[in-house]
Amino acid sequence: GLFLGILEFLESEETKEFSLGLAPLTGMDRGAETNLEERAIGYFGRLGLGGFSYRGLRRFKSKFEPDWGECFLLCERGPIGLARAAAAIGAVMRGR
């Protein structure tokens, strides 16, 4: 397919790294220092917030043995602001 063709081309050009983009909301509820809001967003991310499976996206990307990095999101208004940000991410991921 097209994706495989792109990867083969990049390999022929001796490209060492390729970004598959983000897997938003995955891993938010991991770690000993997570707060209630992070655990809640991680839970909804596992459920497939807004009909989009972030867990499935992370599983797909994991097949390519990625070097996962952290990306941070700052929002205002505590849990309500975090929920709104998560809903916005869900809308973008669904293409709305």
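**Entry 1. Terms and overall layout**

Helices are DSSP runs of H or I with at least four residues, strands are runs of E with at least two, and both are numbered from the N terminus. I note at the start that the structure I am reading is a predicted model.

I looked up the elements and found four helices and zero strands in the protein. Read from the N terminus on, their order is α-α-α-α. I recorded helix α1 as residues 2-12, helix α2 as residues 36-47, helix α3 as residues 54-62 and helix α4 as residues 78-93.

I then looked up the totals. The protein has 96 residues, and 20% of them are buried. Its accessible surface comes to about 7500 Å², and carbon and sulfur atoms hold 57% of that surface. Among contacts with a separation of 6 or more, 59% join residues that are 24 or more positions apart.

**Entry 2. Lysine 61**

I turned to helix α3, where lysine 61 lies. Which side chain of opposite charge is nearest to lysine 61, and how far away is it? I found that it is aspartate 67, at 14 Å. Lysine 61 is buried, yet it has no salt bridge. A salt bridge requires a side-chain nitrogen of Lys or Arg within 4 Å of a carboxyl oxygen of Asp or Glu, so the distance of 14 Å to aspartate 67 does not qualify.

I next listed what lysine 61 touches, leaving aside its neighbours within four places in sequence. Its contacts are Leu20, Gly21, Leu22 and Ala23, together with Pro66 and Trp68.

**Entry 3. Aspartate 67**

I followed aspartate 67 to the loop between α3 and α4. Is this residue buried or exposed? Aspartate 67 has a relative accessible area of 76%, and therefore counts as exposed. I also compared its position with that of glutamate 17: the two are 50 residues apart in sequence, while their C-alpha atoms are 9.5 Å apart in space.

**Entry 4. The nonpolar patch**

I looked for nonpolar side chains on the surface and found a patch formed by Leu2, Phe3, Ile6, Phe18, Phe60 and Phe64. Together these residues have about 570 Å² of accessible area. Which helix gives the most to the patch? It is helix α1, with three residues.

I checked leucine 2, which is found in helix α1. Leucine 2 is exposed because its relative accessible area is 70%, and the cut-off for exposed is over 50%.

**Entry 5. The aromatic pair**

I searched the whole structure for aromatic pairs and found one. The rings of phenylalanine 60 and phenylalanine 64 have centres 5.4 Å apart and planes at 75°, so I recorded the pair as edge-to-face. Both residues also belong to the nonpolar patch. Phenylalanine 60 has a relative accessibility of 37% and counts as partly exposed. Phenylalanine 64 likewise has 37% and is partly exposed.

**Entry 6. Two glutamates with positive phi**

I reviewed the backbone angles with one general point in mind. Most residues other than glycine have a negative phi.

Glutamate 14 has a phi near 60°, which is positive although the residue is not glycine. I placed glutamate 14 in the loop between α1 and α2. Its relative accessible area is 61%, so it is exposed.

Glutamate 65 has a positive phi as well, near 50°. I placed glutamate 65 in the loop between α3 and α4. This residue counts as exposed because its relative accessibility is 73%.

**Entry 7. Leucine 82**

My last entry concerns helix α4, where leucine 82 has its place. Is leucine 82 buried or exposed? Its relative accessibility is 12%, so it counts as buried; the cut-off is under 20%. I also looked up its separation from glutamate 37. The two residues are 45 apart in sequence, and 7.4 Å apart in space from C-alpha to C-alpha.

Key. Residues are numbered from 1 along each chain as its sequence is written. This is a predicted model: local features need pLDDT of at least 70, side-chain atom pairs count only at pLDDT 80 or more; totals for chains, interfaces and linings use all residues. Side-chain values use heavy atoms; hydrogens and water are left out. Buried means under 20% relative accessible area, exposed over 50%, partly exposed in between (1.4 Å probe, protein chains only). Lys and Arg count as positive and Asp and Glu as negative; His and the chain ends are not counted. Contact means heavy atoms within 4.5 Å. Patches are made of residues with over 30% relative accessible area and no salt bridge: like charges are joined within 9 Å, nonpolar side chains (Val, Leu, Ile, Met, Phe, Trp, Tyr) within 5 Å. Accessible areas come from the Shrake-Rupley method with a 1.4 Å probe; for residues, only the protein chains shown count as cover. Rings of Phe, Tyr and Trp (its six-membered ring) pair if their centres lie within 6.5 Å; planes under 30 degrees apart count as stacked, over 60 as edge-to-face and the rest as tilted.
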